[in-house]
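Subject: Structure handover

Hello,

Here is the structure for your files. My notes on it follow below.

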Amino acid sequence: MQQTILKTINDINKWKNNLEDNINFVPTMGNLHKGHLELIHQSNKDGSNETLVSIFINPLQFNDKKDFKNYPKTIEKDIKLAFSSGANAIFLPSEKEILNIKSLIYQKACKKLSSNLCGKSREGHFDGVCTIVFRMLKIINPQKMFLGEKDWQQVIILKNMIKKLNLKVEIKSINTQRDADGVPFSSRNNLLTTSERKDLQFFSKELKKAKKNFLVNKVINLEEINNSFKNKNLKVEYLQHLSAFSLNESIDKENITILAGAILCGSTRLIDHVFLMKRKPIIAIDGPAGSGKSTVTKLIAKKLDFIYLDTGAMYRALSWFLIDQKISYENDNILEECLKKLNIVFKTNLNSDQDIFINDICVTNKIRSQKISSIVSSIASIGKVREFLVKEQRKIGDKGGIVAEGRDIGTTVFPKAEIKIYLNASIDERAKRRKIELEIQGQDINFDKLKDQIKQRDLDDSTRNISPLVKAEDAIEIITDNYTAEQIADKIIQIFYEKLPKEIKNDF
Ligand code: CDP
């Protein structure tokens, strides 16, 4: 394998001209350790892309000149390590090349994301990170960029910048790599004396202990943890418990949070964190009729061993019951009395599929009739019906570990779902799919009539007053035409894992 060292932008351009593959970019400041090497390994494992590792100590991200001067430099060793770990090329630019005043466009890190944790004491640090990463991305134009989750705030800030500037690069973040004593690998660890290393060990251990306690009692007592540091004479710069994604301090309603801190070991500042999760994750899938929700949701549930929740089936079951029992549901009191006595449950059948029961009557097939399809939207627009079913759905999803599909999952039922997907497809594709489904069930219906029926239902669902079908602000839209359900399910699972901190993956 050819191993190339590139020193100038000109070198990069020439190298890129001869490339057939896309680039995976691993930005570093050198003094490579096992954390960096894992990034290079993961990049190398990922398809046929070329791995380009940059080594550049970014002066703009140091608010302390002494820290910049002392930052460990081990270029010769780094080059050997990067190549032996799978790098195809190393970019070793001079400061002049990167900080060229004509080409450098200063970036500002998102204020909200950089106001806590390291942003508090390291003024301008994240602006410096954003500026240089942006500059590197423009020079290299990689398909993917690999970042370590040890610097979680940096990952979140860079993801935000990439989204805001609409840059076409995918971020792959890799779990924090730790040494045998539990301390996260960091270039600055080399600067520690034996006793300073002991302090860092204690700090990491306390965070881990707090996580263990949290798994049992779901609370973090910052004061108690801080006291344990005081007793040890540990110089804590900050210890915060924040929402993992917005890095916000209001965490009451948050599921995944981060307990993160920085300590001073002598004059060296080091950071560590743990991720905490109150319940297992929730995946919300919304979209119009025939967009592929049910098939995809079932597949995801099977692959992740999550609960599968078809909320549409609940609206259909309730509609069937009201009609079968001839209940005057237009009358509020009668409807209310009826709902009080209702019991809807899902049970797995012998084919490993789900059956739905309403007051012990199995209605799995009955609810798929044309009659129910044509009435369900109007029944689903009744406030009391929605209130009742949303409550039932939340009960089922109480502990998480669920993938739910419907029309209002991301907006109303589980607004705190870890990921929200809005599945869509062209009306022709949706009608085609539905026709095949109905034919399998022995129902034959004219294609144009079916198309009109679906259009009408979409219109009813998206224009009703309560919880209409809309794409949640933070949902990712996926158009499913021309893809198999398997491909879409795998894509959603990939998005899901990409969003979650990798540490959390071991917690459910
Ligand atoms: O499978 P299909 O796309 O035909 O629809 P469904 O998921 O079985 O849902 C049937 C109907 O229930 C929808 O057209 C909506 O009117 C209603 N529904 C809802 O209002 N909210 C949900 N979360 C799920 C379904």
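Which strands does helix 13 (residues 311-324) lie across, and at about what angle does it run to strand 13? Helix 13 lies across strand 12 and strand 13, and its angle to strand 13 is about 40°. Please keep in mind that this is a predicted model.

The three-stranded sheet

Strand 12 and strand 13 belong to an open sheet of three strands, ordered 12-13-14 and paired antiparallel. Strand 12 (344-348) and strand 14 (361-362) are the edge strands, each pairing on one side only. Between strand 12 and strand 13 (residues 354-358) there are five bridges, and the two strands run antiparallel. Within this part of the model, Phe346 stands opposite Ile356 of strand 13.

In general terms, the strands of a sheet pair through backbone hydrogen bonds, in either a parallel or an antiparallel sense.

The six-stranded sheet

The other sheet to look at is open too, with six strands in the order 1-4-3-2-5-6 and parallel pairing. Its edges are strand 1 (4-6) and strand 6 (170-174), each of which pairs on one side only. From one strand to the next, the twist averages 25°.

Strand 2 (residues 23-28) pairs with strand 5 (residues 144-148) in the parallel sense, over two bridges. Phe25 has Met145 of strand 5 as its bridge partner. Helix 8 (residues 125-140) packs on this sheet and touches strand 2 and strand 3 (50-55). The direction of helix 8 makes about 150° with that of strand 2.

Domains

The domain assignment divides the chain into domain 1 (4-174), domain 2 (187-277) and domain 3 (282-507). Domain 1 and domain 2 have their C-alpha centres 26 Å apart. How many residues of domain 1 are in contact with domain 2? There are 14 on the domain 1 side, in contact with 14 residues of domain 2. Helix 7 (118-121) and helix 9 (152-164) each contribute at least two residues to the side of domain 1 that touches domain 2. By residue type, that side of domain 1 consists of seven nonpolar, six polar and one charged.

If you want a place to begin, try the contact between domain 1 and domain 2, with 14 residues from each, and then the packing of helix 8 on strand 2 and strand 3.

Regards

Definitions and conventions. Residues are numbered from 1 along each chain as its sequence is written. This is a predicted model: local features need pLDDT of at least 70, side-chain atom pairs count only at pLDDT 80 or more; totals for chains, interfaces and linings use all residues. Domain bounds come from an automatic or database domain assignment. Two residues are in contact if their C-beta atoms, placed from the backbone, lie within 7 Å. Helices (H or I, at least four residues) and strands (E, at least two) are DSSP runs, numbered from the N terminus. Ala, Val, Leu, Ile, Met, Phe, Trp, Tyr, Cys and Pro count as nonpolar, Asp, Glu, Lys and Arg as charged, and the others, Gly among them, as polar. Two strands pair if DSSP finds at least two bridges between them. Axes are lines fitted to C-alpha atoms, for helices over the stretch in contact, and angles run from 0 to 180 degrees between N-to-C directions.
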